[in-house]
Amino acid sequence: MNVPCEHLAELPDTPIPEGGCVECLAIGGTWVHLRHCPACGTTRCCDSSPNRHASKHAAADGHPVVRSAEPGETWAWCYVDEVLHDPARA
């Protein structure tokens, strides 16, 4: 598999759970889109959402990659190297 950075090359193929942003659900917040952290298996909201939990989680916990948790989307983003990988477009 040809990927743009080492973090994406090590991306585990974990299932994306149903539900919503674990942090928004806890505080009664809302989200626009969902991102899945393959390192720990949680789902959080995107940077277009009011609380930006996915990028905050990546910075705080050192988990560099998120995958889109949106139906039909296959891309992943590396926060460290700021690169996108989408197998559907390869």
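Q: What share of the 90 residues in the chain is buried?
A: This is a predicted model. In the chain, buried residues make up 40% of the 90 residues. To be called buried, a residue must have under 20% relative accessible area.

Q: Why does H63 count as buried?
A: The cut-off is under 20% relative accessible area. H63 has 19% relative accessibility, so H63 counts as buried.

Q: Where is H63 placed, and which residues does H63 touch?
A: H63 lies in the loop between helix 3 (53-61) and strand 3. Leaving out residues up to four places away in sequence, H63 touches C37, A39, C40, H57 and A58. A touch here means heavy atoms within 4.5 Å.

Q: How many helices and strands does the chain have, and what pattern do they follow?
A: The chain has 3 helices and 5 strands. Along the sequence the pattern is α-α-β-β-α-β-β-β.

Q: What makes the chain as compact as a globular protein of that length?
A: Set the radius of gyration against the globule rule. The chain has a radius of gyration of 12 Å, and the rule gives 12 Å for 90 residues, so the chain is as compact as a globular protein of that length. Along the principal axes, the C-alpha atoms fill a box of roughly 40 × 25 × 20 Å.

Q: How do you know that both faces of strand 3 are covered?
A: Look at the residues on each side. V65 and R67 on one side are buried, and so are V66 and S68 on the other. In a regular strand, side chains alternate between the two faces of the sheet.

Q: What makes strand 1 and strand 3 a pair?
A: Pairing takes at least two bridges. Strand 1 (residues 34-36) and strand 3 have 2 bridges, in the antiparallel sense. For R35, the bridge partner in strand 3 is S68.

Q: What makes strand 3 and strand 4 a pair?
A: The test is again at least two bridges. Strand 3 and strand 4 (residues 76-78) have 3 bridges, and the sense is antiparallel. The bridge partner of V66 in strand 4 is W77.

Q: What percentage of contacts joins residues at least 24 apart?
A: Take contacts between residues at least 6 apart in sequence. Of these, 44% join residues at least 24 apart.

Q: What area does the chain expose, and how far apart are the mean positions of its charges?
A: The chain exposes about 5,400 Å², with 50% of it supplied by carbon and sulfur atoms. The chain has 6 positive and 12 negative charges, and their mean positions are 6 Å apart.

Notes: Residues numbered from 1 in each chain as written. Predicted model: local features only at pLDDT ≥ 70, side-chain atom pairs only at ≥ 80, totals over all residues. Heavy atoms only, no water. Helix = DSSP H or I, 4+ residues; strand = E, 2+ residues; numbered from the N terminus. Rg over C-alpha atoms; globule rule 2.2 N^0.38 Å. Buried < 20%, exposed > 50% of the residue type's maximum accessible area, 1.4 Å probe, protein only. Areas by Shrake-Rupley, 256 points an atom, 1.4 Å probe, with all protein chains shown as cover. Lys, Arg positive; Asp, Glu negative; His and termini not counted. Charge placed at Lys NZ, Arg CZ, Asp CG, Glu CD.
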